[in-house]
Amino acid sequence: MSDSKYRHLVTDMKGGLGWRDLRVDEQRRDPDRDIEITGIDCAVVEGNFPWNLIVVHTDADVYGLGEAFTGPASEYVEFLEPALVGQNPCDVDRLVEHMTQVLSGLGGTAGYSQATVSGIEIALWDILGKVTGLPVYQLLGGKYRDEVTIYADSHAGDALAAGTERDPKEIYSPEAYAKEAREVIDEGFNALKFDLDVKVAPADTATRRLSNDAIEHKVAIVEAVREEIGTEPILGFDLHWNFSVETASKIARKLEPYDIDWLEDPVPPEQPETHREVKEASATPILAGENIVRLEGYVPFLTQQAVDVIAPDIQKCGGLLEFRKIAALADAMGVPIAPHNISTPIGTMGSVHVSASVPNVFALEYHSREVSWWDDLHTLDEPLISDGTIDVPERPGLGVDLNLDTVNE
């Protein structure tokens, strides 16, 4: 373990820890599970996002792999490491609460703090699964399904920068979207999503409003995709929090004839009230949630019936246990889940295990179609995704390991 510059903050019971110290020095434990954390590493792999891979080391012949959402996870890992070394990694829930307490002075229940907690927590589950010989889904209570449906996050047209070289309407044409949709379906996926917030006309973006012409261009894209792939595939469109209630509501109403499965993040993510306004304005399902963390963040969105579908990011929301809490409340409110996921095979497999363990997940995101070496990051003989699904593995822990040659490269 490296000598963390934050060691004294934890050792001296500072840094927000106070008297609520959840570390435990000794507990009764079966010898096979009487192990300790010896260190934590975080490495960034540059894919289509900076992927934060986390390794939790122990004093036994076992380590755990996890992944945190993109961002400054390494700094948070260094902060947390002194608080976790010497602790038993099998106490997953206690250590999640301990990490959140240690991080309380750094926004412990929000943002990048919880992303790091999520990544470490996934690695703890991987360790526990390897120690017990059980897959993570079994440790979480079992599974509802043998495979998880994957939806492909897709992009039509050229790179965004190309919009300065030609007419954006030519680049982001309905025909380009339809062509890409057909390719996704031909690859075996039966679920896909497109960004619908590309800028195709001059606009005062500060107002969050679109002209009628710009709205009609978006409608034409959706129409072209539906005509190309039909009504059977799951189909979502993402607005990335860009628009006002007025514009988002207008878009949602105009998309009703195309029976899409969700319109994602139509308005800024902070207020459930504005989401509910858009939801009530049309029959188009409204999805949100990738920017919300922990159960308490979801409570107002679910209890106020502000959304039709939620999309927690499991590498950000607080981890697998926290996701199960969110899923339980959503299920009680009759809300399905399509988790957000932009991660490597490590984070993706963590999401697969927990998605299989709850009743209301119907599709999990895959955001790396353009990364040809995504599958090279793991050591399995076959690609993780086959015919648009991922099998829930029976191997211990996450059931996937890193190909260190690819990681190092």
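In this briefing, a surface patch is made of residues with over 30% relative accessible area and no salt bridge, with like charges joined within 9 Å. In this predicted model, one negative patch of that kind is formed by Asp25, Glu26, Asp30, Asp32, Asp34, Glu36 and Asp59. Below, we start with that patch, then look at a buried serine, two residues with a positive phi, and some salt bridges.

**The negative patch**
- Let's take Asp32, one of the patch members, as our example.
- You'll find Asp32 in the loop between helix H1 (7-11) and strand S1 (37-46).
- Is Asp32 buried or exposed? Asp32 counts as exposed because its relative accessibility is 59%, and the cut-off for exposed is over 50%.

**A buried serine**
- Ser118 sits in helix H4, which covers residues 111-132.
- With a relative accessibility of 0%, Ser118 counts as buried.
- Which residues is Ser118 in contact with, if you skip its neighbours within four places in sequence? They are Glu67, Ile314, Gln315, Lys316, Cys317, Gly318 and Gly319.

**Two residues with a positive phi**
- Here's a bit of background: most residues other than glycine have a negative phi.
- Trp241 isn't a glycine, yet its phi is positive, at about 65°.
- Look for Trp241 in the loop between strand S6 (234-238) and helix H9 (245-254).
- Trp241 has a relative accessible area of 25%, so it is partly exposed.
- Asp259 is another non-glycine with a positive phi, this one about 50°.
- The loop that holds Asp259 runs between H9 and strand S7 (262-264).
- Asp259 counts as exposed, with 53% relative accessibility.

**Salt bridges**
- Side chains of opposite charge can pair when their charged atoms come close.
- How many salt bridges does the count come to? The count is 23, and three of those pairs are described here.

**Asp126 with Lys130**
- The side chains of Asp126 and Lys130 form a salt bridge, at 3.1 Å from N to O.
- Why are these two separated by about one helical turn? Asp126 and Lys130 are four residues apart in helix H4, so about one helical turn separates them.
- Asp126 is buried, at 0% relative accessible area, while Lys130 counts as partly exposed, at 29% relative accessibility.

**Lys143 with Glu394**
- Lys143 and Glu394 also meet through their side chains, with a salt bridge of 3.3 Å, N to O.
- Lys143 is in the loop between helix H5 (136-139) and strand S4 (147-154), and Glu394 is in the loop between strand S11 (389-391) and helix H14 (404-408), so this pair ties together parts that are 251 residues apart in sequence.
- Lys143 is partly exposed, with a relative accessible area of 31%, and Glu394 counts as partly exposed too, at 49% relative accessibility.

**Asp261 with Arg226, and a network**
- Asp261 and Arg226 meet in a salt bridge of 3.7 Å, N to O.
- This pair links distant parts of the chain, 35 residues apart: Asp261 belongs to the loop between H9 and S7, and Arg226 to helix H8 (residues 212-229).
- Asp261 counts as partly exposed, at 27% relative accessibility, whereas Arg226 is buried, with a relative accessible area of 6%.
- Some salt bridges share partners, and in this way Asp153, Lys193, Asp238, Glu264 and Glu365 are joined into one network.

Technical notes:
Residues are numbered from 1 along each chain as its sequence is written. This is a predicted model: local features need pLDDT of at least 70, side-chain atom pairs count only at pLDDT 80 or more; totals for chains, interfaces and linings use all residues. Side-chain values use heavy atoms; hydrogens and water are left out. Patches are made of residues with over 30% relative accessible area and no salt bridge: like charges are joined within 9 Å, nonpolar side chains (Val, Leu, Ile, Met, Phe, Trp, Tyr) within 5 Å. Accessible areas come from the Shrake-Rupley method with a 1.4 Å probe; for residues, only the protein chains shown count as cover. A salt bridge is a side-chain nitrogen of Lys or Arg within 4 Å of a carboxyl oxygen of Asp or Glu. Lys and Arg count as positive and Asp and Glu as negative; His and the chain ends are not counted. The place of a charge is taken as NZ of Lys, CZ of Arg, CG of Asp or CD of Glu. Buried means under 20% relative accessible area, exposed over 50%, partly exposed in between (1.4 Å probe, protein chains only). Contact means heavy atoms within 4.5 Å.
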